[in-house]
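User: I'd like to go through some labels used for this structure and see what stands behind each one. Could you walk me through them?

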Amino acid sequence: MAAAAKTTMAIVYDKFLSDDNSILNAINPTHTHDGRKTAIKPLLSVAAKILKETGITTLAQEVLLEDNIKTIEPLTSTIHTVSCKLACECSGVDQHGGAMRIFKLLGCYDWDAKVMIALTAFAMNYGELYLLSTAKTSLSGTLAALKRPPRITENIQVLIQAVTKLSKCITDVTCYPYHISSDDSLVLLECKFAFPIAAYWIIRSLVACSSHFTSFTDEPNNGSFTVDTVYISFLVEGIDNLYNRINALLEKIAYRKYLQSYLNITVLFEIVQKTTLQILEGIHNSEDLKPLVHREKGSVTLEEVLTKKTVMLYVSDLSTITKAEELAMLKARYMSQSHQQHEIVWLPIIDDYTADMKKTFIDLVTDMPWYALNPVCLKREAKQYIKQKWMHEKKTSLVVLDQGKVVCHDALHMVRIWKKLDFSFTVEEANSLWRKVSWKLDLFEDHFDAATKEWVRKNNNICLYGGKDLKWIREFTTEFKRVSEITKTQVKIVYIGKHVKEVMNQAKAAKCIVDCWDEAKIRSFWEHLESMWHCKMQHQSNTSNNDVILQELMRMISFGNSEEGWAIFSEGASSNIVKAHEKELLTCLREWKTSKEEFFVELSKNFSNNITLPTDHHCISFVLPRDAANFKEEMLCAQCQKPMEKFVLYRCCK
């Protein structure tokens, strides 16, 4: 402990670790830069690869190693000389003296080059020792016994990681693109002012690590191990402080460039009249000339396939796009039409593109008939714009670009409902399609199961119902069958509630038979209704609260979201729909007596919606998707026509 305290005091009063002016006064006389240019990025790449292969760091550069070796060949002699200095002349307690020897040797190089040459020399030394300790030959074993490969302690590894991180930061400053503003140039200059101090701390740290490696005192009980721990921790703290200082300046530039780029993308989509091709060129990294990927054509340019076309951007992440029903629906629509005027491009929103994600992306592209934008080509600020302005959050959407303008923020609903892709996606066209239909079962009978679809197409009576309470379901079905017998009316009764799985489990336990669709078909049915509501809301004017279909969709979706019982009735697919909630429904059926009126006429009288409600009664609840924020603020209740209250709901899964 006494040795540790003594070392701590020595560090505190070491003017070369506590005073920048002392450092500069010591190293500036050694700096005789002759103007030579040194390619520092290849040096960092080689050093990082060696240290990564040995398991010390995770830093990896993307430049090919063989290209780096060719680039640094003129420096190999200098690197070898520095490696010898580190291995033979820098051991011992005089860490400052060892660092100064390196600075004098590298006097003609610039500050960033000194750092990278020293780091590469250190990596070469350690790489050789690592090979001796891991190779499985008798020769390597003999040499390892003589060389005594070092034991890498945790604090030494932390120091090397800190050194490589700061070295990478210095490289980022030196290799920063030249097309920057004058303000950014001043910030970069401020970064470079810190280079001499950073070079001293890095080279002194490399000397410390080399001294550790060449030491034969490996036992922790002689005091030297504790001293090294304190000293190395001090070096790590100093290097981290320098990294934070330089990196903060770099982030300042990056943030300013990000804001400018985000503004440019906003202008591109919302203000400046551009072609669709120019918009797509503006959101991807221009370095990649072939950003599109196709399962048969490989990499292609934007111009090859998207010129003068209406482009539909299929926006998703890798998890939401795997939804089988939606992909199957979209592929069916795509394959059934020619694409002279329309084309789909998958726009994957991926923040951290890992090797596993790359494999998933390739697999998905192989399964798609349309094009995809390579995830690495999409600008970070474009992803942010899509998330903020297009409300993309764990969902898929089909954004339509026509003549440089976003004409529809999510056309999936229109495609799902009207079963085609070749729309103009205008408000006029959408309203024209809706004017041709009315609120009857045939509006969504395509999403019935086969048996129900065949039943209603024969103009037979149908009752579709839902709810969560099995007791209510049994009472309702019993009373309904009684009334059917009284009125001599044949009605098929089918459960289609969202709680089908839970209800079926209860029914099985109670040995109760409940006729229902399978879970996938029920889910598809409700998604279709929600798509119709969404589609109506996208194209509605201020009179939307007078829209009969929209109001009925709200009631139906409210039924589906509720745990209470409900039912709808229709004479075949082309008649008006009668609907009711659980309480009034049971009351009506229990009080039903023989009547001269037909069954559906009597039902219509009982459930005409002319119901007086208490002032504090909540008629329906309605869960909206996040992108409903684009819709108007006020929504009237479909039952009582009063303005609905708005709440916030956080939901993990259905």
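Analyst: Gladly! A salt bridge here is a side-chain nitrogen of Lys or Arg within 4 Å of a carboxyl oxygen of Asp or Glu. Keep in mind that the model is predicted. A search of the whole structure finds 22 salt bridges.

User: What makes the contact between lysine 387 and aspartate 351 a salt bridge?

Analyst: Their side chains come to 2.8 Å, N to O. The cut-off is 4 Å, so the pair of lysine 387 and aspartate 351 qualifies at 2.8 Å. Lysine 387 sits in helix H18 and aspartate 351 in the loop between strand S4 and helix H17, so the bridge ties together parts that are 36 residues apart in sequence.

User: Why is aspartate 351 called exposed, and why is lysine 387 called partly exposed?

Analyst: Exposed means over 50% relative accessible area, and aspartate 351 has 60%, so it counts as exposed. Lysine 387 has 23%; partly exposed lies between under 20% and over 50%, so that label fits lysine 387.

User: How do you know that lysine 419 and aspartate 446 form a salt bridge?

Analyst: Their closest N and O atoms are 2.2 Å apart, and the limit is 4 Å, so the pair counts. Lysine 419 is in the loop between helix H19 and helix H20, while aspartate 446 is in the loop between H20 and helix H21, 27 residues apart.

User: What makes glutamate 502 and lysine 468 a salt bridge?

Analyst: The closest N and O atoms of this pair are 3.7 Å apart, and that is within 4 Å, so the name applies. Glutamate 502 belongs to helix H23 and lysine 468 to the loop between strand S8 and helix H22, 34 residues apart. Both are partly exposed, glutamate 502 at 36% and lysine 468 at 23%.

User: Which residues are joined into one network by salt bridges that share partners?

Analyst: Lys419, Glu445, Asp446 and Arg457.

User: Why are helices H4 and H10 called roughly antiparallel?

Analyst: H4 (residues 40-53) and H10 (residues 154-174) pack at about 160 degrees, with their axes 10 Å apart. Angles over 145 degrees count as roughly antiparallel, so H4 and H10 get that label. Their crossing is left-handed. Among the residues making the contact are Ile40 and Leu44 of H4, and Ile160 and Thr164 of H10.

User: How many residues of each class does the contact of H4 with H10 have?

Analyst: Four are nonpolar, four polar and two charged.

Note on methods. Residues are numbered from 1 along each chain as its sequence is written. This is a predicted model: local features need pLDDT of at least 70, side-chain atom pairs count only at pLDDT 80 or more; totals for chains, interfaces and linings use all residues. Side-chain values use heavy atoms; hydrogens and water are left out. Helices (H or I, at least four residues) and strands (E, at least two) are DSSP runs, numbered from the N terminus. Buried means under 20% relative accessible area, exposed over 50%, partly exposed in between (1.4 Å probe, protein chains only). Axes are lines fitted to C-alpha atoms, for helices over the stretch in contact, and angles run from 0 to 180 degrees between N-to-C directions. Angles under 35 degrees count as roughly parallel, over 145 as roughly antiparallel, 65 to 115 as roughly perpendicular and the rest as oblique. A crossing is left-handed if the near helix is turned anticlockwise from the far one by less than a right angle, and right-handed if clockwise. Contact means heavy atoms within 4.5 Å. Ala, Val, Leu, Ile, Met, Phe, Trp, Tyr, Cys and Pro count as nonpolar, Asp, Glu, Lys and Arg as charged, and the others, Gly among them, as polar.
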